[in-house]
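Me: I should like to understand how the terms used for a protein structure are justified. Please set each value against its definition.

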Amino acid sequence: MEEDTSSPLGFPGLAVLATPPRVLPLSPLPHPHHPKSTMATEDKLNDYDFTGTDAGASHTIPSEAGQIRKGGYIVIKGHPCKVVNVSTSKTGKHGHAKANFTATDIFTGKKLEDVIPSTHTTSVPVVSRNEYQLLDISDDGFCSLLTEEGDTKDDLQLPTYPEGFGNEIKAKFDEGATLCVTVMAAMGHEQIVTYKEESG
């Protein structure tokens, strides 16, 4: 009997191998903690910017709502405000204590209100005050102020709040009085808030 040398695939002349072909093992997948996969993850993270803004340049600081008292400051609807009244209330059987704030915008006097759970964090504006000697007032209401360093600050106009306050300052200055003004700054805004006459 003749040996059948035909291929199982139907191609004559191709001998059938006596042993099955050798299968090469697949390379193992990288383990999640494998150094190479870790490096790849770190490279991916480095594509993102994790640096925050300079904390020293922040216009607000966080504070627990329950710690803010009458006469203190709070940010309501994006406005720096002074608290004129605060009360605490509970809502429901399992409700959390809530602080009810009534405040006024420190630059416009506008009344604003907010209700915040006492244990929640809210924002308090960073408020500063600086005194300057008033050197001059331009026709369009800009004030020239003398700083402690001996430079001039010319970017503030006479205040429009309270009503008539700016005219009062101008009238005193036009009379020849030597005036020292206090400028309040908060959340990127500055405004003259008080003045006093310097004795000659």
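The following exchange takes up confidence, the sheet and one residue in turn.

Me: What kind of model is this, and what is the mean pLDDT of the protein chain?

Reply: The model is predicted. The mean pLDDT of the protein chain is 80, and 70% of its residues reach 70 or more. On a scale of confidence from 0 to 100, residues 1-21 stay under 50, and the model has 10 contacts beyond four places in sequence for them. Residues 23-57 also have a pLDDT below 50, with five contacts beyond near neighbours in sequence.

Me: Why are strands β7 and β10 said to pair?

Reply: Two strands pair if at least two bridges are found between them. Strands β7 (residues 127-137) and β10 (residues 179-186) have seven bridges, so the definition is met. The sense of this pairing is antiparallel, and valine 127 stands opposite alanine 186 in β10.

Me: How do you know that β8 is joined to β7, and what lies between these two strands?

Reply: Four bridges join β7 to β8 (residues 142-146), and at least two are required, so the two strands count as paired. Leucine 134 has leucine 145 in β8 as its bridge partner. The two strands form a hairpin with four residues between them, and glycine 141 in the turn has a positive phi of about 90 degrees.

Me: What makes β9 and β11 edge strands?

Reply: The open sheet has five strands in the order β9-β8-β7-β10-β11, with antiparallel pairing. Strands β9 (152-157) and β11 (189-197) are the edges, as each pairs on one side only. From one strand to the next, the twist averages 45 degrees. Four bridges join β9 to β8, and cysteine 143 stands opposite leucine 156 in β9.

Me: Which strands does helix α2 touch?

Reply: Helix α2 (residues 165-174) packs on the sheet and touches β7, β10 and β11. The direction of α2 makes about 45 degrees with that of β11.

Me: Why is asparagine 85 called partly exposed?

Reply: Asparagine 85 has a relative accessible area of 42%. Buried means under 20% and exposed means over 50%. The value of 42% lies in between, and therefore asparagine 85 is partly exposed.

Me: Where does asparagine 85 lie, and which residues is it in contact with, leaving aside its neighbours within four places in sequence?

Reply: Asparagine 85 lies in strand β3 (residues 79-89). With those neighbours left aside, asparagine 85 is in contact with Lys70, Asn100, Phe101 and Thr102.

Terms used. Residues numbered from 1 in each chain as written. Predicted model: local features only at pLDDT ≥ 70, side-chain atom pairs only at ≥ 80, totals over all residues. Heavy atoms only, no water. Axes fitted to C-alpha atoms, helices over the stretch in contact; angles between N-to-C directions. Contact = heavy atoms within 4.5 Å. Buried < 20%, exposed > 50% of the residue type's maximum accessible area, 1.4 Å probe, protein only. pLDDT = per-residue confidence, 0-100.
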